[in-house]
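Colleague: Got a minute to go through this model with me? I'd like to start with the charged pairs and then look at the surface.

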Amino acid sequence: MPAIETQMTKKELVNKIVYIALRVLIVLYVVLLFLPGINPARITSKINRNLSLFTSGFFYKSLTDGLGRSMQKGWIPTSTIRLTFIASMICCLGALCAGAGGCLSVGNNKLKRIGNFLTFGGGLVGAVSIFGIRMAQNQLQALVDANPDWADKTSVLNPFGITFFMTLASAVALLSIVTFATTPAPAKDEKAHIEPKFQLFLMFLPFAVLLFVFAYLPLWGWRYAFFDYSAGGTLSMDKFRGLYWFTYLFKNAATAKHIGRVMLNTLAMSGIGIAFSWLPMVFAIFLSEVKNPHVKRIVQTCTTVPNFISWVLVYAVAFAIFSSDGFVSSLMMQQGIWDKGKNMLMSGEHTWLKMWAWGTWKGLGWSAIIYLSAISGIDQQLYEAATVDGAGRFQKMWHITLPELIPTYCVLLTLSIAGILSNGMEQYLVFENPQNTAAIEVLDLYVYKIGINGGLIPLSTVVGMLKSIISVVLLFLANNISKLVRGQSVV
């Protein structure tokens with residue numbers, strides 16, 4: 001009996017280890033779909049090097065961008081590119097199928113068995129599809145062998161990703177067989193079940209993937225800060241400049257002065273926003289005191305809708321009101337107050353306050369939503385007890401509602417301090433003009449100008465890196481201050 005128990009324990013240990021390895025491979029299988037540097041579908045240098053396998057498999061136009069003339073002349077057959085596109089799509093679907101199987105592997109034995117079939121199918125389909133990409137690459141190579149003078153026109157590549165993805169997909173399929181063999185068969189009446197903690201994890205997983213793709217994966221672009229890079233170029237060690245672009249910000253006196261003015265604008269406008277960050281909370285408190293549900297709903301709708309209006313349309317509204325031919329100028333001239341219309345948008349006076357006012361108008365209702373949610377969660381017995389004690393409406397607001405909202409406000413304030421260098425770009429870009437550009441240019445707009453308009457991608461990357469690092473430092477600093485003052489940590 002002890003021998004049997006020992007044998008079962010070893011089998012379970014092997015099963016656990018193999019499952020861990022399988023899940024790691026599945027994560028790699030899915031994540032690498034989005035990395036351009038390992039794209040197996042780039043079988044010719046004519047295909048954009050910035051395309052990932054996911055883009056190659058779901059966006060045919062992106063895959064064929066730049067291949068138009070080569071495909072028209074027959075140097076790169078259309079059938080070959082279509083085969084590459086279809087094979088890439090099937091590989092992506094196989095990876096997603098394997099990912100679904102990996103998610104099911106956290107359930108009971110019944111779900112694990114179903115997950116084994118999905119991971120095996122995903123790995124097998126992925127390996128076969130990569131073989132299809134290899135066939136497309138061999139077709140191009142055979143065409144070049146038959147027509148040696150087409151070598152430069154076809155530019156056949158043998159991407160490392162073909163071998164890597166084929167090995168990875170095959171390993172996923174192989175390990176799924178091992179896990180199937182080591183997983184006990186479910187009972188006939190066993191129902192599919194996942195523990196609550198794993199259910200929560202699976203609910204969080206899609207957001208974690210999106211966070212990785214859009215927040216952490218772009219950090220790979222920080223390497224541009226150490227090279228002389230221009231759009232469409234390549235990175236090579238002969239273009240490596242080290243910390244040159246970091247010191248460039250301070251070596252050039254004009255650049256240092258410009259950045260100083262930009263930082264002043266950024267900190268000033270962010271500081272004004274932080275100083276008045278209590279407005280959404282106060283607005284939510286007063287809105288919650290409105291007893292008429294129809295009036296309350298109308299006010300909340302009217303103050304929330306501006307958040308969904310783009311800044312371009314906001315500027316159009318501002319232009320219709322404050323331009324030389326706008327509503328205000330027309331009214332003033334009709335009343336005889338002004339002799340001619342005035343374009344108040346072109347004025348460079350009080351730019352910081354104007355931008356804060358437009359931002360507050362646009363985001364006040366939206367920012368108040370989280371406070372309204374917090375108010376709805378306040379224990380109503382507190383209000384009932386205050387009513388018994390003779391407290392009036394304003395006393396309840398001051399002694400109950402406001403103190404209950406302070407923790408929420410502190411969390412949002414901490415995040416605002418961490419993002420003090422991130423004002424956004426759209427608002428300042430549309431409102432910028434020659435009269436106010438000195439006061440309206442914030443850090444995000446400056447990065448846009450030097451990166452897109454000026455072509456200094458390394459310099460804009462350096463500024464973005466420093467901004468991110470400073471934001472993280474400010475986040476932990478504000479958190480420590482909150483812990484000292486309130487005795488509670490935010491992060």
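Modeller: What follows is a quick tour of salt bridges, patches, contacts and backbone angles.

Colleague: Ground rules before we start?

Modeller: This is a predicted model, where local features need pLDDT of at least 70, side-chain atom pairs count only at pLDDT 80 or more, and totals for chains, interfaces and linings use all residues. Residues are numbered from 1 along each chain as its sequence is written, and side-chain values use heavy atoms, with hydrogens and water left out.

Colleague: How many salt bridges does a search of the whole structure find?

Modeller: The search finds 7. A salt bridge here is a side-chain nitrogen of Lys or Arg within 4 Å of a carboxyl oxygen of Asp or Glu.

Colleague: What does Arg-241 pair with?

Modeller: Asp-228, at 2.5 Å from N to O. Both residues sit in the loop between helix 9 (196-216) and helix 10 (244-251), 13 residues apart. Helices are DSSP runs of H or I with at least four residues, numbered from the N terminus.

Colleague: Is Arg-241 buried or exposed?

Modeller: In between. Arg-241 counts as partly exposed because its relative accessibility is 34%. Asp-228 is partly exposed too, at 29%. The cut-offs are under 20% relative accessible area for buried, over 50% for exposed, and partly exposed in between (1.4 Å probe, protein chains only).

Colleague: And which residue forms a salt bridge with Glu-441?

Modeller: Lys-449, with the closest N and O atoms 3.7 Å apart. Salt bridges that share partners join Arg-261, Glu-432, Glu-441 and Lys-449 into one network. Glu-441 is buried, at 3%, whereas Lys-449 is partly exposed at 22%.

Colleague: What about Lys-197?

Modeller: The side chain of Lys-197 meets that of Glu-195 in a salt bridge, 4.0 Å from N to O. Lys-197 counts as exposed at 55%, and Glu-195 as partly exposed at 40%.

Colleague: On to the surface. Which residues form the nonpolar patch?

Modeller: Phe-120, Leu-124, Val-128, Leu-174, Ile-177 and Val-178, with about 510 Å² of accessible area together. Helix 6 (109-146) and helix 8 (160-182) each give two or more residues to the patch. Val-128 is found in helix 6 and is exposed at 54%.

Colleague: How is a patch picked?

Modeller: Its residues have over 30% relative accessible area and no salt bridge; like charges are joined within 9 Å, and nonpolar side chains (Val, Leu, Ile, Met, Phe, Trp, Tyr) within 5 Å. Accessible areas come from the Shrake-Rupley method with a 1.4 Å probe, and for residues only the protein chains shown count as cover.

Colleague: Which residues form the positive patch?

Modeller: Lys-46, Arg-69, Lys-73 and Lys-153. Lys and Arg count as positive and Asp and Glu as negative; His and the chain ends are not counted. The place of a charge is NZ of Lys, CZ of Arg, CG of Asp or CD of Glu. Lys-153 is found in helix 7 (residues 151-154) and is partly exposed at 34%.

Colleague: Now helix 11. Where does the side chain of Thr-266 reach?

Modeller: A polar atom of that side chain lies 2.9 Å from the backbone nitrogen of Leu-443. A polar contact is a pair of N or O atoms within 3.5 Å; within protein, one must be able to donate a hydrogen and the other to accept it, and residues adjacent in sequence count only if both atoms are side-chain atoms. Thr-266 lies in helix 11 and is buried at 0%.

Colleague: Anything else in that helix?

Modeller: Met-269 is found in helix 11 (residues 253-275). Met-269 is buried at 7%. Its C-alpha atom is 7.8 Å from that of Leu-353, 84 residues apart along the chain.

Colleague: What happens at the start of helix 17?

Modeller: A side-chain oxygen of Asp-379 reaches to within 3.1 Å of the backbone nitrogen of Gln-381, at the start of helix 17 (residues 380-388). Gly-390 follows that helix, with a positive phi near 90°.

Colleague: Any odd phi values outside glycine?

Modeller: Most residues other than glycine have a negative phi. Ser-155 has a positive one, about 50°. Ser-155 sits in the loop between helix 7 and helix 8 and is buried at 18%. His-350 also has a positive phi, near 55°. His-350 lies in the loop between helix 15 (327-334) and helix 16 (351-376), and is exposed at 57%.
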